[in-house]
Structure formats: structure tokens, C-alpha cells
Amino acid sequence: MYSLILTSLLSLPIFPLNPTAIDTLNSMNFHITAGVSSPSDFASAGPEFTLKYELLFYHPIVLRTGVEYNRGRVTKITFPKGDFHGFTTSAEILYYRGTDHLMGFVGMGVVYNQSYLNLDGNVADSLFADENISNVYLQGNAGYRFIFGLRKSRLWSFEIRMTDIRTNMVYQRDLGAYRYSIQRVRVRLSDFRLTLGYLIEL
């Protein structure tokens, strides 16, 4: 009787004869991505490139660190015009589900951004001539991020990242005789980023 019941259960679709592919990742990955960042309250849209290291900490948790570079153009009338270069380091945790063929994941993390401004020549000259401003720069600051993405065949990735960073733009005025003053203006570098990536197993 027990053999008959067991045989009947094993013949049902809920007990497949061949095990299904489990949703797992490589234990370590080197992740290269390229994409575009959305316009922010500070700069225009621009390209982005990242290098990331991933560690499968414990199924289904992945720890990831990375270095990112993005470029934009400061076009807001409230800020001096010029080129914007952003360098960001990140530490993130991802939770994934799916199969070897297609996998989805969500995550969050903390970031630290250090950005640089290259003001247009005529803008820098005008600031110095009119207001004695000899230097304009952005302070480095930390922020946070949310991540949503898909992976295909353990090789390709598509991600949407939402980052929020609040920092200060600093205006340094030359007062002469080795004296200067500092003015800080609050700047929000928050944006959306869309990236395509390729994973290399380590």
C-alpha cells in the first residue's frame, strides 16, 4: 500500500524525476558595467562606467564593492557652468532569486562620492573678476542607494540604481593678504542610472 502511494506521488508533476536548476551565482565575480545617468538637480545626463567585485556570502545574499565614474555637464543657471566628473565608491548587499537562465535581484548600499568641477574658462574668469572667487569645488560626502536588476545566463546584467547624495558646493573668495572666505551652497547629486554589465567568474 505504501509503495503504491509513494509511486503515485512521484509520478505527479510536483515531484519531478529530474531536479530543477537551482538559483545560484558564482562564488566570486568581477563585474564590468557601462550605462547612463539621468539628469540631476545639478548636472545633465551623462555616461557611467563601473568596476565591481562580488562575493556570494551566503545563498541568496551577495556582497559587492565597486568604483564608479560618471560625467556630466553643469547647466543649471544657479551654478557656474562647466564639466562635472564624479567618482563614487560603494558597498552593497544584494538579494537574488531565479534560475541559472534568468535571475532577478534587489539590493541597497552606502556610497561615498568625490566629484570634481572643471569650470569653463570664461566662467572662472568672470567669477574672479566680479566676486573675487578664486576656487569652486564640491565636498566629498556619503549617501545611499537602492538597486533593482536582472541577470541572464550568469554572464549579463541589467540594473536600475537610485542614488541619493547631499553635499556642498564651496566658493572660496580671495580677500587679499593671505585671507579668504568660504561660502557653502547645498547641492543634491541624486539620480537614476541604467547600466548593462558583463560578469567574469573569478
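Select L117 first: in this predicted model, L117 touches F42, V74, D83, F84, V136, L138 and M169, leaving aside residues up to four places away in sequence; contact means heavy atoms within 4.5 Å. Numbering starts from 1 along each chain as its sequence is written. Local features need pLDDT of at least 70, side-chain atom pairs count only at pLDDT 80 or more, and totals for chains, interfaces and linings use all residues, while side-chain values use heavy atoms, with hydrogens and water left out.

Next, extend the selection to F42, F84, V136 and M169, which, with L117, have the most contacts inside the largest nonpolar core, a group of 18 residues. Such a core is a set of buried Ala, Val, Leu, Ile, Met, Phe, Trp, Tyr and Cys residues joined through side-chain atoms within 4.5 Å; buried means under 20% relative accessible area, exposed over 50%, and partly exposed in between (1.4 Å probe, protein chains only). Colour β5 (102-119), α2 (121-131), β6 (133-138) and β8 (156-176), the elements that each give two or more residues to this core. Helices (H or I, at least four residues) and strands (E, at least two) are DSSP runs, numbered from the N terminus. Apart from this core lies another, of seven residues, including L25, L94, Y96 and I147.

Then move to A91 in strand β4 (residues 82-98). A91 counts as partly exposed because its relative accessibility is 37%. Beyond residues up to four places away in sequence, A91 touches R64, G109 and V110. Select L63 as well: its C-alpha atom is separated by 7.6 Å from that of A91, 28 residues apart along the chain.

Finally, display the whole chain, with its two helices and ten strands.
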